Amino acid sequence: MERVYIDTDLLIMGGGTAGCLAAWEARRVGGPNLGITILEKAYIRHSGSLAAGQNALNMYLNQGTPEDFVCYARYDLCGGPVREDILLSVAREVNETVALMEREGLPIKKRPDGRYLNRGKWNVEINGAMLKPITARMAEKAGAEIYNRVYVTNLLKQQGRCVGAVGFGVRDGRFYVVRARAVLLTAGGCAGIYRPNNAGDAHHRIWYAPFNTGASYAMAKRLGCKMVGFECRFIPIRTKDTVAPTGTLAIGMGAPMINALGKQFMKENPKWVEWGGHSAPTPIRVQAFLVETAEHRGPCYMDTTRGDPGRVAEIKEQYVDMSPSLVLYWAANDIDPSKEPVEIDVSGPYIVGAHAAMAGAWVPKEDRMTTVAGLFVAGDALGGAPSRFISGSWTDGRIAARYAVEYLRGVEFPELDPDEVRRQEEIAFAPLTRHRQATESKSVPQPGIRPREMEERMQKIMDEYAGGRTRWYWIDETHLQIARKKINHLRRNQLQYLVAEDLHELQLAWDVINRLDVCQLVIEHLLYRRETRWPGYANRSDCPERNDAEFDCFVCSVWDPETDELTMMKEPYVQLVPGDRMKQSI
Ligand SMILES: Cc1cc2nc3c(=O)[nH]c(=O)nc-3n(C[C@H](O)[C@H](O)[C@H](O)COP(=O)(O)OP(=O)(O)OC[C@H]3O[C@@H](n4cnc5c(N)ncnc54)[C@H](O)[C@@H]3O)c2cc1C
């Protein structure tokens with residue numbers, strides 16, 4: 001394959017929320033001569049979680065202190081553990097980042113007195129249809145060299161240090177080799193390891209960005225980074241079929257969740273009232289939904305009929321900024337949400353680090369450097385620190401970039417090992433090569449397993465044995481052991497038959513290769529945490545209680561390339577902000 005060689009000081013892997021702001025900050029602190037390169041598998045103005053637009057920034061300090069925010073974040077994950085050091089560092093800077101983005105053209109909604117229009121303590125409303133182009137412009141303005149449509153397949157390590165990355169051009173088919181003095185991994189979280197809500201052509205109608213397929217986690221794992229939090233899966237309640245966020249209905253229309261009997265179960269069931277009713281932690285709200293369904297009081301709804309009917313047009317506008325398919329669905333089915341409640345459902349599990357869950361690479365210190373020297377993480381790629389969302393991920397990217405620039409002051413350009421580069425090239429194109437060889441030799445009637453077939457097999461196994469939606473997220477040792485065996489069979493024995501007919505399919509092949517590595521992380525972490533800490537997210541029928549004596553800590557793992565096993569370990573929870581962890585702040 002034709003090769004493209006790139007030398008850069010700072011390589012940013014993934015031009016999303018965190019990656020673009022990292023480029024901007026790196027230029028600010030690193031000066032005009034700093035080489036900044038972004039590799040992005042899609043097109044930077046329309047890629048990742050912000051691609052469809054969004055209508056709120058969920059991290060903003062409208063009132064209270066950074067410490068109060070930490071209290072909220074740990075409460076929202078049922079008392080933690082959470083990385084309080086990381087959350088504090090983001091909370092101290094997030095308002096400044098939002099002000100910066102407003103100056104750069106982000107329309108933030110205002111009250112008549114000029115203050116930001118907020119939904120509660122930690123959120124501001126925006127007109128976010130252009131959120132991604134505005135975010136991407138920050139990287140462009142920083143003068144980062146942006147390579148769109150380059151799919152990164154692996155990070156490179158030499159003498160224990162991350163020294164660059166390799167990938168292929170999804171349109172030009174070239175092999176990209178990047179040599180870097182420091183690398184920042186910002187390739188988002190992981191969708192699509194479990195069966196989606198919808199089948200066929202609608203299989204991408206899910207909540208999380210369907211094209212974020214676990215590259216951050218898989219590549220960090222393969223590089224030998226310590227990983228954290230994969231047993232804390234994110235399961236959101238969303239509108240049925242269209243899988244749009246429900247917060248817009250809850251706040252915009254004052255719509256509570258109700259069951260099929262019209263009862264507000266969060267307010268009426270003492271068990272959920274004890275957790276704060278409608279403002280109970282996210283997993284508890286999911287659990288309440290599941291209980292209503294299991295006890296034959298479903299389906300459940302957002303009761304939009306109680307709100308002001310005059311607000312429907314405004315609500316539709318907000319969805320057009322973020323999830324237009326819901327508005328189209330209402331129009332196509334003649335639905336007026338002020339006259340009938342909107343049915344809801346659960347979706348996922350998704351594996352994320354910056355939303356209401358905490359998977360990602362472990363960083364020993366606040367500097368965002370992983371356990372592999374020279375590799376930094378931000379956004380969904382960074383584990384242990386939930387509730388950073390968009391504005392927190394922007395801020396996180398900035399903080400990581402500052403530390404990365406500081407790190408590279410003392411670091412020389414590495415010499416890449418040509419044998420390793422050749423090996424990586426073979427690995428990157430292997431599914432394509434296999435297909436070509438099989439077709440040319442005509443020795444096999446069916447040339448191998450197609451990515452879509454492998455994906456469906458993986459999703460079926462995860463769904464049925466590792467606590468998917470059709471099992472209402474129940475897990476136990478026996479089922480997880482079967483999941484482990486079957487997923488490892490795919491990874492160890494079947495991947496060698498994965499084929500790709502063209503560059504598009506090669507992309508899909510890598511999506512499934514990465515997802516299978518994430519499956520391994522999820523299964524092993526779920527097996528290790530023998531308790532139910534986040535009911536709703538993962539209900540262990542064999543260990544239904546919380547077990548603080550053994551598991552009030554982070555669960556971490558490191559992959560061994562020789563054995564293909566994960567070594568599991570614990571990291572202590574360091575509580576920096578005093579107070580009752582099970583209580584909301586202020
Ligand atoms: C549907 C949805 C709704 C949300 N709603 C809200 C909300 O209302 N408010 C809020 O504050 N937060 C919301 N969030 C959360 C927030 O958007 C994320 O937490 C945040 O954007 C994560 O940023 P990131 O930089 O980690 O990932 P992303 O912004 O997703 O960036 C990842 C980038 O990496 C690229 N990439 C992936 N793999 C590769 C590869 N192999 N090679 C090269 N490039 C690669 C992707 O194309 C993408 O550009 C929402 C998220 C989603 C998905």
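Modeller: A polar contact is a pair of N or O atoms within 3.5 Å. With that cut-off in mind, the ligand site of this predicted model can be read.

Biologist: Which backbone atom of Ala18 lies close to the ligand, and at what distance?

Modeller: A backbone N or O atom of Ala18 is 2.9 Å from a ligand oxygen atom. Asp380 offers a polar backbone atom 2.7 Å from an oxygen atom of the ligand. For Val152, the partner is a nitrogen atom of the ligand, 3.1 Å from a backbone N or O atom.

Biologist: How much of the ligand's accessible area does the protein cover?

Modeller: On its own the ligand has 1000 Å² of accessible area, and the protein covers 96% of that.

Biologist: Which elements give two or more residues to the shell around the ligand?

Modeller: They are the helices α1 (17–30) and α13 (389–408), together with the strands β2 (36–40), β3 (56–57) and β6 (150–158). In total, 34 residues surround the ligand, and Thr17, Glu40, Ser47, Gln54 and Ala56 are the closest.

Biologist: How do the residues of this shell divide into nonpolar, polar and charged?

Modeller: The shell holds 16 nonpolar, 15 polar and three charged residues.

Biologist: Into which domains is the chain divided?

Modeller: Domain 1 is assembled from the segments 3–56, 77–105, 129–232 and 349–418, while domain 2 spans 237–346 and domain 3 spans 428–550.

Biologist: How many residues of domain 2 and domain 3 are in contact?

Modeller: Ten residues of domain 2 touch eight of domain 3. The C-alpha centres of these two domains are 32 Å apart. Between them about 770 Å² is buried, with 68% of that area coming from carbon and sulfur atoms.

How values were computed
Residues are numbered from 1 along each chain as its sequence is written. This is a predicted model: local features need pLDDT of at least 70, side-chain atom pairs count only at pLDDT 80 or more; totals for chains, interfaces and linings use all residues. Side-chain values use heavy atoms; hydrogens and water are left out. A residue is near a molecule or strand if one of its heavy atoms lies within 4 Å of it. A polar contact is a pair of N or O atoms within 3.5 Å; within protein, one must be able to donate a hydrogen and the other to accept it, and residues adjacent in sequence count only if both atoms are side-chain atoms. Accessible areas come from the Shrake-Rupley method with a 1.4 Å probe; for residues, only the protein chains shown count as cover. Helices (H or I, at least four residues) and strands (E, at least two) are DSSP runs, numbered from the N terminus. Ala, Val, Leu, Ile, Met, Phe, Trp, Tyr, Cys and Pro count as nonpolar, Asp, Glu, Lys and Arg as charged, and the others, Gly among them, as polar. Domain bounds come from an automatic or database domain assignment. Contact means heavy atoms within 4.5 Å. Buried area is the accessible area (1.4 Å probe) that two parts lose on being put together, summed over both.
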